[in-house]
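Reader: Could you take me through one part of this model up close? I'd love to hear about the nonpolar core, and then whatever helps me place it among its surroundings.

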Amino acid sequence: MPDLLLELFSEEIPARMQRRAAEDLKKLVTDALVERGFLYEGAQAFATPRRLALTIMGLPVKGQDVREERKGPRVGSPDAAIQGFLKGAGLTSLDQAKIESDPKKGEFYVALIEKPGRATTDVLAEILPQIIKTFPWPKSMRWGAASAEAGSLRWVRPLQSILCTFGPETEDPEVVRFEVDGIASGDVTYGHRFMAPGPIRVKRFDDYVPALERAKVVLDADRRKDMILHDAKDLAFAQGLELVEDEGLLEEVAGLVEWPVVLMGSFDEAFLDIPPEVIRTTIRANQKCFVLRDPKTGKLANKFLLTSNLVASDGGKTIVSGNERVVRARLSDAKFFWETDQKVKLEDRLDKLKNIVFHEKLGTQFERVERIAALAKELAPIVGADPALAERAARLAKADLVTEMVGEFPELQGLMGRYYATLQGENASVAAAIEEHYKPLGPSDRVPTDPVSVAVALADKIDTLVGFWAIDEKPTGSKDPYALRRAALGVIRLVLENNIKLPLISLLAKPFARDAKDVLFEEFLQVKKLVESIEGSALGSLVSHPALPDLEAIFRQRQLKNAEELARIMYMRALDLLSFFADRLKVYLRDQGARHDLIDAVFALEGQDDLLMAVRRVEALGRFLDTEDGANLLAGYRRAANILRIEEKKDGRAYDEAPDLEIVNAQGQIEEKALAVILHGAKDEAQKAIESEDFEGAMRALSRLRQPVDAFFDKVTVNADDPALRANRLRLLNSIREATRTVADFSRIEG
Amino acid sequence: MTSEPAHMNPARSFQGLILTLQRYWAEQGCVILQPYDMEVGAGTSHPATALRALGPKPWRAAYVQPSRRPKDGRYGENPNRLQHYYQFQVILKPNPPNLQDLYIKSLQAIGIDTSVHDIRFVEDDWENPTLGAWGLGWECWCDGMEVSQFTYFQQVAGIECAPVAGELTYGLERLAMYLQGVESIYDLNFNGLEGDQKVTYREVFLQAEQEYSRHNFEHSDTDMLFRLFRDAEAASQKYLAAGEAGERHLMVLPAYDQALKAGHLFNLLDARGVISVTERQSYILRIRELVKACGVAWLKTEGGGMAA
C-alpha cells in the first residue's frame, strides 16, 4: 500500500506553535481522507523551526468503486419526467437504463450508476490546498508581491515550498501535483539553513528522514529534545554539576534548532550573590539557556548551557563567548536591579501603587492594599495569626510590583518581595506571607500554613472575589478573565487544609459595604431579581442573618440614602457569592471523591456558610450511611417520607405539628410510645452535638432511632381507623423527618 | 571590500559599519536616504517607512535614523542604554521572497562569519500602538544576542498593507559593540582610527547623554510640552483638513510631521512622569488617531498610489 509524504517548508515557525501545528496537520489531512472513504494504516506528523511534515502510511491507490441503482419513472411516463431521470442519472438515452417490474407499480426504469473510485493523488491534490489555505495558525500573516491582492495565502510566516509525494515502497513515487497561491508542489526540500542549504530531492518518508539528517536536520522534535537533554547532562556531569531540568524550556529550545549543539558557558562567580531564582529566570527568559547546580550543596553554579543550531568550525568558541557577553550584560542588569531595589524600603514604595490601576472600577493597587490590610487584620484572630503581623504583611504584599526586578520579570512577584522584606529585617512570617499570599495558584499548588500567610492569602482572594461581585463581573461559562474560580478554590483549600472555621457570610457581607457608595438606586431593580432567586433557594434562610443589620448600620453611619435597600442589595450579593463558593466546594469535593448527593444534602440545610463545618458534616454523614444503622435509618426515613407525601397529598394538609404525647400515651401501641420517647431524646441530642460541632455524636444520636423506627413500621398501622390517632401517627413520622434534618436533608441522598 | 582601508572595517569602525550597510543595501536597489530631520522614537516613524509602507507602489529604501527615547536616558552611566541612538532601517516593498537570505548576507557583509556564529530567528511579534501598526517576524539573534528586528508589516496606521513590506531594523550600537568586542557603548571606536586620531563614541555622545538625561527627567518645561502637544495635535488636524481635495489629498507630509512632533512631546512628558497611567492610554490614542488620518490621506496621494 502506498504512503504519502507531505512537507510544508517555511521561514521560522514560532517554537510554541510547532507541536500543535504538526498535530493539526495530521488531523486535518487524515480526517479529510477518511471523510472521503480513504482509510489508512498509520500517520505521523513532525515539526522543526522551518517545516511541518506528515507521513500517512498504507493508503489505497484509489478510492472504492461505487455502484448505485437509481429508481426512475414508470415506463410510459411523460417526457419531462424521463428527461429529468436521464439527466439526474447521467445517461444519454433510455437504452442505458434497464426496466424492472413490480407487481404493484408495474414496469419502471432503473439506472445503474457506476462511479469508479477516484485516484488517491487526485483526491489529495484537491484536499491539501484547501487545508493549507485554511490552516488554523494562532496568528497568521500575508507576505510578498501576492499580498497586494485580497485573499492571498496566509501562513504563520512565509511559506517557501511544498513537497508532496505518493507511492508504494517498490516503485518510484509520484509527485502529488497542486498549487497554492503560486507555490507548486514538488519533490524538493532544503537542509539546514547554514550547514546544508542546498536542495534535496526526496522520494518518500524512508529516504526523507535520513536525507535530512545528512543535511543536518533532525526532523523529530522529541529526538531533538532527547539529544539536548542527553548532551546537557553529559556536559554537566563532566564538570561535576547537575542540570536544573526545565521541561518548558527544553520544549522551546527544541523548537529553535534543527540541529542541536549544546555548549557550556560561564559567568563571574560574583553574580551568584543574586538570588538563584533571579539568575535562572534571567538566563531562561532572555537567553533560553539552562542553569546548573552543584549536586552536593544544591546551589547554583556559575555555568550555563546554551543550545546552538550550528556545528561551528571553531568548535563553538565564538558562540560561547558571544552568549557569555549577553549573559554577563543581563546579570549585570539583574544585579543592578537587585542592589538598587534594596535602597528603597518596601513601605516607601507604596505610594507608587497609586499609579497602578487594578481594575477601572475597583481602583488602584494602593486602594486594594488598604482593603487587604484591613481584612487581613480582621481575619488574623480567626486563623490564629497576630493581627499586627498580618496587617504588616498585607501592607507590604504588593510593594514589589513597583521594584525594578519585578518590572523586568513579573513572574518573580512575591518572591522578590520576600527577599527584600527579609533583607530589611521584617519578621520571618511577614516575609513568607509576602511570597505566599498568592498561593495556592491552582488545585495542585502548595497551600500556605503559616497563619500570617493564611490571613493575607485569604484577604487577597476574598477582596478580589468581593470586588468583582460588587461590580457584577462574575465568571460566565468558560470565561473567567480574572481567575475568580481559582480564587474561590484558593479560599476553599486554605480553609479546609488549615482547618479554619470561617463564617463566610458575615465575612463576605462586610466588604461589600465599602462598594455600596457606587451602587445607584436604579440598580436595585436589577438586583431585585437576584434577591428573589436567593430567597427562593436554600440560602434564603440567611436573609435574616445578623450581618444584615450590621450592614444597615454601616450605611446609616455613612448617612447614605436608602441605607436599608443598600444593605439588602449588598447582602444579597454576598449571598450570591456564597452560593458561588458552595458550587466551587462541590466541584472540589467531587474531585476528592466525595458523593455529590451528600454535599447537596448538607447544603440544602439552612445557614451553611462555614466551609469547614459543611465538609466535616459531609464526611460524618458518609461514614454514618456506610454503617448498617445508617442504611436502615435512611430506609426508615424514606418510608416515613413516602407515607407522609401520599397522605398529606390525600388530605391536602401538612402534618408538621409536634405529635400529641397524650394521645400516644393513651391510645398508642408500645412501639409508638418507644419511638416518641426516643425521637424526642435523639433529636435533642443530635441538635446539641451539632451545636458543639460533634458530627459523629449527632450521627450516633440518630442511629438510636433505627431500632424503634423499624419496630414502628413493623407493628404499627399508620392509617388507623381513628382519625385522631392516624393524624398523630403521621405527626410522629414527620418527627422522624425533622430529626434527620438536624444533620442533613435526607431527601437529597441518592442510592 | 578588500580595497577598503583598515579604518573603514565594520569590525573596527562604527561609521565603517554604517557605510558598509548602506553600500550593501544600495546594491540591493534601495534608495539610500538620510535621517529624517525630526525627533522620532524609531526608524519606523520616518515617512519613508511609515507612509511608504501604505499603498500599492513598490519601494525600497535604507537609512540611518537617530532614535530618541527620552525615558531610556541613564545620564551616560549605563554602558548599554542611551536616550539617543542609531537605528539602521531597511524597507523593501513588497518583500522579496529571499529577504531572509538578503538579511543574512548583510550580516556576512559586515564581517559576521556564519560558519562560527549562531544566527537564529526567534519569534517576536511587533506592534507600535502610536503608529497603529503591527507585523509578524522575529528578533534576529547572533550568538544569543538580539542584533536586528525583522518584521513583515501587516498593518500601518490601522490600514492593511497591500502588498506587505519587509522591514529590517539593525541596532547599530549593539551590533558595533559585538563586532568591536567592547563592553560599553562609550568605548566604541567611531572612526576606526587609532592613537591620536581615534574618536570614540564617548567623545561624540557622552556629553549629550548627560545633558539630555538632565533635561528629560528633571528640567524639561512640562507646561510648554503640554501646550506644544495640543498645538501639534491641532496643527496636524488643521493641515489634514486643509489638504482635503476630494479624491486627492494635498498636504499629508506636513500633517504627519505634526503627528511625529506630538509623539515626541508625549515621550518627553512621559519621561518626566507627569502623565498618569489612565491618561497615558488616551494620549497614545490621540496620536494614533492623527497617524491613522495621515495614513488615510496618504492613500489619496501619488506616493500612496493615485495616478499622477
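Author: Happy to; here is a walk from the core to a helix pair, the domains and the chain contact. Please keep in mind that this is a predicted model.

The largest nonpolar core has 273 residues. Those touching the most other members are A:Ala376, A:Ala390, A:Ala393, A:Ala455, A:Val456 and B:Cys294. Helix 14 of chain A, residues 451–470, gives this core its largest share, 13 residues. To zoom in on one member, leave aside residues up to four places away in sequence: A:Ala376 then touches A:Ala390, A:Glu391, A:Ala393, A:Ala394, A:Ala455, A:Val456 and A:Ala459.

Now for a helix pair in chain A. The axes of helix 21 (residues 611–626) and helix 22 (residues 628–651) of chain A come within 4 Å and cross at roughly 90°, so helix 21 and helix 22 of chain A are roughly perpendicular to each other. On the helix 21 side, A:Phe624, A:Leu625 and A:Asp626 meet A:Gly630, A:Ala631 and A:Leu634 of helix 22. By class, this contact has four nonpolar, one polar and one charged residues.

As for domains, chain A is divided into domain 1 (3–61 + 119–214), domain 2 (67–115), domain 3 (221–341) and domain 4 (614–748). The centres of domain 1 and domain 2 of chain A, taken over C-alpha atoms, are separated by 45 Å.

Finally, the chain contact takes 32 residues from chain A and 31 residues from chain B. On the chain B side, strand 4 (119–123), strand 6 (133–142), strand 7 (145–156) and helix 8 (277–298) each supply at least two residues, with the largest share, four residues, coming from strand 4 of chain B. The residues of that side divide into 16 nonpolar, ten polar and five charged.

Key:
Residues numbered from 1 in each chain as written. Chains lettered and ligands numbered in written order. Predicted model: local features only at pLDDT ≥ 70, side-chain atom pairs only at ≥ 80, totals over all residues. Core = buried A, V, L, I, M, F, W, Y, C linked by C-beta atoms within 7 Å. Buried ≥ 20, exposed ≤ 12 C-beta atoms within 10 Å, placed from the backbone. Contact = placed C-beta atoms within 7 Å. Axes fitted to C-alpha atoms, helices over the stretch in contact; angles between N-to-C directions. Parallel < 35°, antiparallel > 145°, perpendicular 65-115°, else oblique. Nonpolar A, V, L, I, M, F, W, Y, C, P; charged D, E, K, R; others polar. Domains from an automatic or database assignment.
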